[in-house]
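User: Please take a close look at a single part of the structure shown here, and then relate that part to the rest of the chain.

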Amino acid sequence: MVSRLVLVLGDQLSAGLSALQQADKARDTVVMAEVADEASYVKHHPKKIALIFAAMRQFATFLEQEGWQVAYGQLDDPENAGSIVGELLRRAEQTGAAEVLATEPGEWRLISALKEAPLKVTILQDDRFIASHQAFETWAEGRKQLRMEYFYRDMRRKTGLLMEGDQPVEGKWNFDHDNRKPAPDEVTFEGPLRFDPDETVAEVLDLVEARFEAHFGDLRPFWFATTRAQALEQLAHFVTHGLARFGDYQDAMLNENRFLYHALVSTSLNIGLLTPLEVCEAVEDAYKEGRAPINAVEGFIRQIIGWREYVRGIYFLEGPDYSSRNGLGHSRALPALYWGAETRMNCLSKAVAQTKEEAYAHHIQRLMVTGNFGLLAGIDPHQVHEWYLAVYADAFEWVEAPNTVGMSQFADGGIIASKPYVSSGAYINRMSDYCKSCAYKVAQKTGEGACPFNLLYWHFLDRHRDRFEGNPRMGNMYRTWDRMDEAKRQTVLSEAEEFLTRLEAGEAV
Ligand SMILES: Cc1cc2nc3c(=O)[nH]c(=O)nc-3n(C[C@H](O)[C@H](O)[C@H](O)COP(=O)(O)OP(=O)(O)OC[C@H]3O[C@@H](n4cnc5c(N)ncnc54)[C@H](O)[C@@H]3O)c2cc1C
Ligand code: SF4
């Protein structure tokens, strides 16, 4: 029988991957490749590149131990073709394989590259997700609004997680009412486990250091989980020590604590070291054993079987143009402060510094600090999208684009978010201790030292009045704006304009 190539991409490091399941160890060859195209089509954070290459090398070793034949292309291999399709062609020539088995990539760009490749490629469903494309399309069909909450309830019924028969445990689907407390004075969770680089990881770090020095971000210290065993350890550590207070403080932010009660499992989930169901089951077990309260457990499980599955559904439902949408017509260039240039805004300075050092920021830092500022300042959402895709170690387009373009920048015209996630400084002040050590004054609305979020918030609402005035969830905001006297409104708008001019000129605002 003719042999086949089995493509395993850097975010497909799962023993249960559909392409591996369909393949035959005895005659097929697994193809894995570290390629320059993938590492640099946006300038990915060095930690992200290292994570993916290191985890790929570890997974290739695992596959070989399992008896697979693996053709692995290292980045510095002089024969490396530099692209996924190029590597497939090279291996096809070497092995005489006439066909490629692939699991669907999580990005339209790569799907079309495979479809257009001069090879016979069979693309299989990625069944590492709970909802297939077809299941999501069926759910979405005929609905006027695709609200996550209803999708999530279906996922609860489908998986049986936190269910008693056909009813949610403790009588409610959602316990967010008990969540989202302001930042605590003391954090009792010591944060994620940090894994020392083994020989494989150390080699990759040297390679990334030599090749991607110009990319934004610090490569070292590097401590991400790169094997399934480490990912399971990270998960267990979170369930034992962090989960119980996850719900309470999931929206809080602190100058001196970057991780609070977050799990740090998105990297492992997104590259395939963990499955969403096993993560949720570990968390549900903690609830059943009385080790974590329902508000924490329900909130966590909703992020995974709700948000994570839902954003993927939207990405594939909406099609390849999704990441270039610009529903609000924003066009300002991404300011240099996103790349670490000096800013006096402490919240942004802290979120960006953490991103540079860790390739990680938690959800509220991404949504209500860097995302909120981008939206208020009218930054081109495609540039915002490319920034998020580059700088976070867990960023893959199927999950990053709907979160950025849709949830955070409202650039999809309101498919994901029913209203834009914008806030003045008051929200950041309530949820963090950033404002206490900021050069700006959060309570000040105008004049020297006024918090820029306060100015830009009204500027945003005013310039998009036609679009949002009729939104029932935003009526109060417009009523508050209209109650301000005319002179005050003019001052706010002109100071906001002045701020934007200075931002655009590259001043350290
Ligand atoms: C603008 C923006 C961009 C984002 N880009 C990404 C991205 O590229 N990749 C990514 O995995 N997440 C992204 N998120 C969602 C979220 O910020 C991260 O999943 C989370 O911070 C990962 O850290 P954690 O594992 O500590 O998560 P926790 O806070 O501990 O949450 C647990 C898990 O829930 C899942 N989850 C939570 N929220 C979301 C969400 N909105 N969408 C999908 N999954 C979610 C993740 O798998 C996460 O690991 C983005 C959010 C925003 C607002
Ligand atoms: S005062 Fe304004 S700019 Fe400063 S940290 Fe608070 S919200 Fe951010």
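Analyst: In what follows, a helix is a DSSP run of H or I with at least four residues and a strand is a DSSP run of E with at least two, both numbered from the N terminus. The model is a predicted one, in which local features need pLDDT of at least 70 and side-chain atom pairs count only at pLDDT 80 or more, while totals for chains, interfaces and linings use all residues. Residues are numbered from 1 along each chain as its sequence is written, chains are lettered from A and ligands numbered from 1 in the order in which they are written, and side-chain values use heavy atoms, with hydrogens and water left out.

The part chosen is the loop between strand S7 (167-168) and helix H8 (199-211), in which Ala-183 has its place. The same loop holds Val-187, which is likewise found between S7 and H8.

Ala-183 counts as partly exposed because its relative accessible area is 22%, where buried means under 20%, exposed over 50% and partly exposed in between, with a 1.4 Å probe and protein chains only. Contact here means heavy atoms within 4.5 Å. Apart from neighbours within four places in sequence, Ala-183 is in contact with Ala-252, Met-253 and Leu-254, and with Arg-430, Met-431 and Ser-432. Lys-436 stands 253 residues from Ala-183 along the chain, and the C-alpha atoms of these two residues are separated by 13 Å.

Val-187 has a relative accessible area of 19% and is therefore buried. Residues up to four places away in sequence not being counted, Val-187 touches Leu-254, Asn-257, Leu-260 and Tyr-261. Leu-254 thus appears in the contacts of Ala-183 and in those of Val-187. In sequence, Val-187 and Leu-254 are 67 residues apart; in space, 9.7 Å lie between their C-alpha atoms.

On the other side of these pairings is Asp-248, placed in the loop between H9 and H10. With a relative accessibility of 16%, Asp-248 counts as buried. C-alpha to C-alpha, Asp-248 is 9.0 Å from Ala-183, although 65 residues separate the two in sequence. Neighbours within four places aside, the contacts of Asp-248 are Asp-178, Asn-179, Arg-180, Lys-181 and Asn-295.

Helix H9 has 14 residues (228-241), so at 1.5 Å a residue it should span 20 Å, and its end C-alpha atoms are indeed 20 Å apart; the expected span is 1.5 Å times one less than the number of residues. Its buried residues are Gln-230, Ala-231, Gln-234, Leu-235, His-237, Phe-238 and Val-239. These buried residues pack against helix H10 (266-271), helix H11 (276-288) and helix H12 (294-318).

Helix H8, at the far end of the chosen loop, is also met from another part of the chain. Arg-57, found in helix H3 (residues 46-65), counts as buried because its relative accessibility is 9%. Outside its neighbours within four places in sequence, Arg-57 is in contact with Thr-200, Glu-203, Val-204 and Leu-207, as well as Glu-34, Tyr-72 and Gln-74.

Some backbone details deserve attention. Most residues other than glycine have a negative phi, and most peptide bonds are trans. The peptide bond from Arg-220 to Pro-221, however, is cis, with omega near -5 degrees, and Pro-221 lies in the loop between H8 and H9. Leu-162 has a positive phi, near 55 degrees, and belongs to the loop between helix H7 (148-159) and strand S6 (163-164). Its relative accessibility is 1%, so Leu-162 counts as buried. Ala-359 likewise has phi near 55 degrees; its loop runs between helix H13 (346-358) and helix H14 (363-376), and at 2% relative accessibility Ala-359 counts as buried.

As for the whole chain, the secondary structure comes to 21 helices and seven strands. Of its 509 residues, 61% count as buried. Among contacts with a separation of 6 or more, 75% join residues 24 or more positions apart; the pairing of Ala-183 with Arg-430 is a contact from the chosen loop. The radius of gyration is 24 Å, which agrees with the value near 23 Å that a compact globule of 509 residues would have; the radius is taken over C-alpha atoms, and the globule rule is 2.2 Å times the number of residues to the power 0.38.
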